[in-house]
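Subject: Handover of a structure and the findings

Dear colleague,

Please find the sequence and the structure below. I would be grateful if you kept them open while reading the notes that follow.

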Amino acid sequence: MNRKINWIYFFVLLVFFLLVVWKQHAVLKERNQMVLSAVSEWEEKGKPVIVREIKKEKISVYIKITASKISDRVLEAYVSKDLRSQLKIGQDVIFETKKKKFKGSISMIDNEISIDEGMYKIQVSFEESIDFEGWAIVDVCINVLNDVICVPDEIVNKEREKSFVWKVDNGKAVRQDIFVGDRGGYGMVVTQGLNEGDLVIIEGVSILIEGDKVNILRTESKQETNND
């Protein structure tokens, strides 16, 4: 009886082993077919990439300031001497909640330092009532960059102290050295290396080699990229 049970166990284990081997073989075969299919498609159409067309633009540079609410439409904050020198009456201010974006401007800047705070008091007035209590983080526009070329931080690579991006030139991937000027939450301003109309690659660079034929799947605008 024991011998019969042992044979049954052996048969079950053998079937299980064969099923595992068959499954592994099927998975590997499918993967190989997928890889071969991808390579074949790349050879025919080029490696898939998503690009953005370079355009000169106007960029507002913002800094964050902590402010408190003193009335339904007015916030108050204290800033350092260095920051005060960058502020002017009328500069744009934005305050965002989960539900809404409020727009305002700087309405008052003290000329004298506050003895209690050791900083300069400013006030920000908004176009409509602000529904919050306590403290808030607001974005204050301190500068406007006109007619600049700007790219996202994440597409800029560095090698041996040089910065570069990938772009498409005559249907092929080209590594383009760039010089970077100002940078911030808006990205990096490129002072040399890119021109209006250039197509920079924003997705798909990890599979690229210099001179590769590329297949442009989509050309995105800056607004589309920022929304992702």
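How many contacts beyond four places in sequence does the model have for residues 32-37, where pLDDT stays under 50? The model has zero such contacts for residues 32-37. Please bear in mind that this is a predicted model. A second stretch, residues 223-228, also has a pLDDT below 50, and the model gives this stretch five contacts beyond near neighbours in sequence. Where pLDDT is low, the predicted coordinates should not be read in detail.

For the chain as a whole, the average pLDDT is 82, and 78% of the residues score at least 70. Among the elements, strand β6 (residues 120-126) has the highest mean pLDDT, 94, while helix α3 (residues 222-227) has the lowest, 46.

Overall architecture

The chain contains 13 strands and three helices. It has 228 residues, of which 32% count as buried. If one takes the contacts between residues at least 6 apart in sequence, 69% of them join residues at least 24 apart.

Nonpolar cores

In soluble globular proteins, nonpolar side chains tend to be buried together. In this model, the largest nonpolar core has 29 residues, and those that touch the most other members are Ile65, Leu75, Leu87, Phe95 and Phe126. Two or more residues of this core come from each of β2, β3 (74-79), β4, β5 (101-109), β6 and β7 (135-151). Strand β7 gives the largest share, seven residues.

Leu87 may serve as an example of these contacts. Leaving aside residues up to four places away in sequence, Leu87 touches Val79, Ile106, Ile109, Ile122, Val140 and Ile142. There is also a second, separate core of 13 residues, among them Ile54, Val165, Val190 and Val200.

The largest pocket

The largest pocket holds about 420 Å³ of space. Its lining consists of 14 residues, and Ser60, Tyr62, Ile94, Gly185 and Tyr186 are the ones that lie nearest the centre of the pocket. Which strand supplies the largest share of this lining? Strand β2 does, with seven residues. Both β2 (57-69) and β4 (92-96) supply at least two residues of the lining. By class, the lining of this pocket comprises seven charged, five nonpolar and two polar residues.

Strands β2 and β4 therefore deserve a second look in the viewer, since each gives two or more residues to the largest core and each supplies at least two residues of the pocket lining.

Yours sincerely,
A colleague

Conventions:
Residues are numbered from 1 along each chain as its sequence is written. This is a predicted model: local features need pLDDT of at least 70, side-chain atom pairs count only at pLDDT 80 or more; totals for chains, interfaces and linings use all residues. Side-chain values use heavy atoms; hydrogens and water are left out. On a 1 Å grid over the protein atoms alone, a cavity is a set of points where a 1.4 Å probe fits but cannot get out, and a pocket is an open set with protein on both sides within 12 Å along at least five of seven lines; lining residues have an atom within 4 Å of a point. Grid points are joined across faces, edges and corners, and a volume is the space filled by probe spheres set on the points. Helices (H or I, at least four residues) and strands (E, at least two) are DSSP runs, numbered from the N terminus. Ala, Val, Leu, Ile, Met, Phe, Trp, Tyr, Cys and Pro count as nonpolar, Asp, Glu, Lys and Arg as charged, and the others, Gly among them, as polar. pLDDT is the predictor's confidence in each residue, from 0 to 100. Contact means heavy atoms within 4.5 Å. A nonpolar core is a set of buried Ala, Val, Leu, Ile, Met, Phe, Trp, Tyr and Cys residues joined through side-chain atoms within 4.5 Å. Buried means under 20% relative accessible area, exposed over 50%, partly exposed in between (1.4 Å probe, protein chains only).
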